[in-house]
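Please open the model in a viewer and keep a selection tool at hand. The stops below say what to select and what is found there.

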Amino acid sequence: MKTVKEVSQMTGISIRALRYYDEIGLLKPTACTDARCRLYDADALEKLQLISLLRELEVPLTEIKRMLALPREAFCVALRAHKKTLVRRRNRLNGLIAYIEDTTSGGDAPRFAPFDKAQIDAIFDHALSLQSAASIQAITDHFGSIDALRAMFTRHLQDEAVSAHVSHMYANKEKAVCASLQHMGDAQALAAHKDAFDAVYWQFAQAMQAKDEALAMDAVQKLANIYQAMFRLDNARYLLLKVAADYLENQQHPEVIAMTEAQYGAGIAAYIGRAIRQYFGV
């Protein structure tokens, strides 16, 4: 048996709080000495540990008292409800942290400045250098000439909507150019990314089937890691939320959604979209 002073020293809970727990019937001492000193046995200490955990979860004392009076199964149900609240709070923080990273990673550079010709040519020439002779011939056959493709690529990057989208991903055009010039894009790297995507999407399918929220949140994090590696991103929040919008609104790329569901199961696109938004607290 431990005295109230010993329990306070062991747990860090004040003697005043322990006395208050006794007064409201939350944690009664196991026994009292003739001098009215409270004593606590191992069971009482275990109950106190549970009370401390629930207090860390910011559960009010009145609710803790109600929960501790419940049968074991009902107590677990109540505890899972508080877990869901914590998960929502964590997801909201995920989104806020990623938003701050998006906002601050660009420094003082303008977010929506258009790409200039030198930057566009550098990106185009780097991408072209990664192509095989057969691919270059196919490009020439399709577009008529490399110059024709370069002109189309230039118009694309000078489009305001495209510029805004890229700037959102990289915070500023300088980081976008740098990421593009670092991208290797060889067959081996593309195959590795494809295998990683496939594994993550099957994990989403498993989570959907099992209704396993934790597994789905883990899959979102893995998907974010893949996008970060592929596009040299500081974080993938903006890009993933665009993917979620495409999957949930089903307007821009219905053929992609159809192909995804054919491979990984009906409803998987919307499930992934909801999981991404939940992860970021949107």
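Begin by selecting Arg36, which is placed in the loop between β2 and β3; helices (H or I, at least four residues) and strands (E, at least two) are DSSP runs, numbered from the N terminus. The phi angle of Arg36 is near 65 degrees, a positive value in a residue other than glycine. Arg36 counts as exposed, at 71% relative accessibility; buried means under 20% relative accessible area, exposed over 50%, and partly exposed in between (1.4 Å probe, protein chains only).

Before moving on, note that this is a predicted model, in which local features need pLDDT of at least 70, side-chain atom pairs count only at pLDDT 80 or more, and totals for chains, interfaces and linings use all residues. Residues are numbered from 1 along each chain as its sequence is written, and side-chain values use heavy atoms, with hydrogens and water left out.

Next, select the strands. They form an open sheet of three strands in the order β1-β3-β2, with antiparallel pairing. The edges are held by β1 (2-3) and β2 (31-32), each with a single partner strand, so one side of each is left without a neighbour in the sheet. Two strands count as paired if DSSP finds at least two bridges between them. Strand β3 (residues 38-40) pairs with β1 in the antiparallel sense over two bridges. Which residue of β3 stands opposite Thr3? Selecting the two together shows that Thr3 faces Leu39.

Move now to Glu58, in the loop between α3 (42-56) and α4 (61-68). Glu58 also is not a glycine, and its phi is positive, at about 65 degrees. Its relative accessibility of 56% places Glu58 among the exposed residues.

The following stop is helix α5 (residues 72-104), where Leu96 is placed. Select Leu93, Leu96 and Ile97, which make a nonpolar surface patch of about 260 Å². Patches are made of residues with over 30% relative accessible area and no salt bridge, with like charges joined within 9 Å and nonpolar side chains (Val, Leu, Ile, Met, Phe, Trp, Tyr) within 5 Å. A salt bridge is a side-chain nitrogen of Lys or Arg within 4 Å of a carboxyl oxygen of Asp or Glu. Leu96 is partly exposed, with a relative accessible area of 37%.

Continue to Ile123 in helix α6 (residues 117-129). Is Ile123 buried or exposed? At 11% relative accessibility, Ile123 counts as buried. Add Phe153 to the selection: the two residues are 30 residues apart in sequence and 9.8 Å apart in space, C-alpha to C-alpha.

The last residue to select is Gln203, in helix α11 (residues 187-210). Gln203 is buried, with a relative accessible area of 10%. Apart from neighbours within four places in sequence, Gln203 is in contact (heavy atoms within 4.5 Å) with Leu215, Asp218, Ala219 and Lys222. The side chains of Gln203 and Lys222 are joined by a polar contact of 3.0 Å; such a contact is a pair of N or O atoms within 3.5 Å, where within protein one must be able to donate a hydrogen and the other to accept it, and residues adjacent in sequence count only if both atoms are side-chain atoms.

Finally, display the whole chain. Its secondary structure comes to 15 helices and three strands, and buried residues make up 34% of its 282 residues.

Technical notes:
Areas by Shrake-Rupley, 256 points an atom, 1.4 Å probe, with all protein chains shown as cover.
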